[in-house]
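User: I am new to this model. Please take a close look at a single part, the largest nonpolar core, and walk me through the surroundings as you go.

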Amino acid sequence: MLRVSALAFGYDLNIAGIGDPSIAIGVPGGNHLLALVDATMAGSPDGITDSQRAIIDELGPESLVDAASVFGNFEMMNRVAEGTGISIPAQAIDRMKDTIDKLGIDSLQKS
Amino acid sequence: MVLQTTEAVGDPMVVEAISIASMLSAVDGAHAALGADLEPLPSPLVGNPTDEITRGLKRRHTHVPMPAGAIPIALDLLPSVGKAFRNSFGPQYMMEHEMASADFDRTPGLNRAQIEIVSSRTSLRNKCFY
């Protein structure tokens, strides 16, 4: 889905940036958004503040609220998926094979 | 682990536990990313369980019984819980009509590609393949 939406906006997405935030991901403010996720999960107050400032400066304060909301939502969705054991259809996995390989997340299917 | 717990306490209690842990993590997660203090847990309400449980559901290679479909219906063993879950993720992520649009842009705010960067990295860090 990220690939399709990036294409729709004409971004030169480098999907590897999802796995390695040191790589320029090619979406405006994208690396600041990655940094906010990482800093929040690390419980790093300085990291959170730095990424918040960068997001506000580049994308605006509303974008920071959106980012925090989406982060919280996926903290929830991930737990629902793992807790209930819901699986992804095999066809969807086949369709995403290239992305799965690039991010090296094949092993997560079995976890 | 989840399956063992369902055997010990039953599917409805496990679905309720998953729902509480997951939905509270949405609240805590958003607060943490905003650098805000976490909300205190509310006091438990007095009363009996509703006993509203959807009958006839089965496991679909899943840990708990659920209808056929994708993640929005994963907690539907408990109808009121499933409804609360569905009502919560639209405003926090994208509404159904927004999901149909690859170039959805919340102006002011994030566009769909930016939203999916946050969701993808969060899922990867949580080691959630889904």
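**The core and the chains around it**

Analyst: Start with chain A. Among its contacts with a separation of 6 or more, 25% join residues 24 or more positions apart. Two residues are in contact if their C-beta atoms, placed from the backbone, lie within 7 Å.

This is a predicted model: local features need pLDDT of at least 70 and side-chain atom pairs count only at pLDDT 80 or more, while totals for chains, interfaces and linings use all residues. Residues are numbered from 1 along each chain as its sequence is written, with chains lettered from A and ligands numbered from 1 in the order in which they are written.

Chain A has seven helices and zero strands. Helices here are DSSP runs of H or I with at least four residues, and strands are E runs of at least two, both numbered from the N terminus. The C-alpha atoms of chain A fill a box of roughly 40 × 35 × 20 Å along the principal axes. Of its 111 residues, 41% are buried. Buried means 20 or more other C-beta atoms within 10 Å of a residue's own, with C-beta atoms placed from the backbone.

Now the core itself. The largest nonpolar core holds 49 residues. Such a core is a set of buried Ala, Val, Leu, Ile, Met, Phe, Trp, Tyr and Cys residues joined through C-beta atoms within 7 Å. A:L36, A:A67, A:F71 and B:L75 touch the most other members. Chain A supplies two or more residues from each of α1 (2–8), α3 (30–42), α4 (45–59) and α5 (61–84). Chain B does so from α2 (11–34), α3 (79–92) and α5 (112–125). The largest share, 10 residues, comes from α5(A). Domain 1 (1–36 + 52–92) and domain 2 (95–130) of chain B both give residues to this core, so it lies between them. Those bounds come from an automatic or database domain assignment.

Look closer at A:A67. Beyond its neighbours within four places in sequence, A:A67 is in contact with A:L33, A:L36 and A:I55 in chain A. Across in chain B, its contacts are B:A33, B:L110 and B:V118.

Then the interface. The contact takes 54 residues from chain A and 51 residues from chain B. On the chain A side, α5(A) gives the most, with 21 residues. That side divides into 30 nonpolar, 19 polar and five charged residues.

Last, confidence. The model scores ipTM 0.94 and pTM 0.93.

Notes. A residue is buried if 20 or more other C-beta atoms lie within 10 Å of its own, exposed if 12 or fewer, and partly exposed in between; C-beta atoms are placed from the backbone. Ala, Val, Leu, Ile, Met, Phe, Trp, Tyr, Cys and Pro count as nonpolar, Asp, Glu, Lys and Arg as charged, and the others, Gly among them, as polar.
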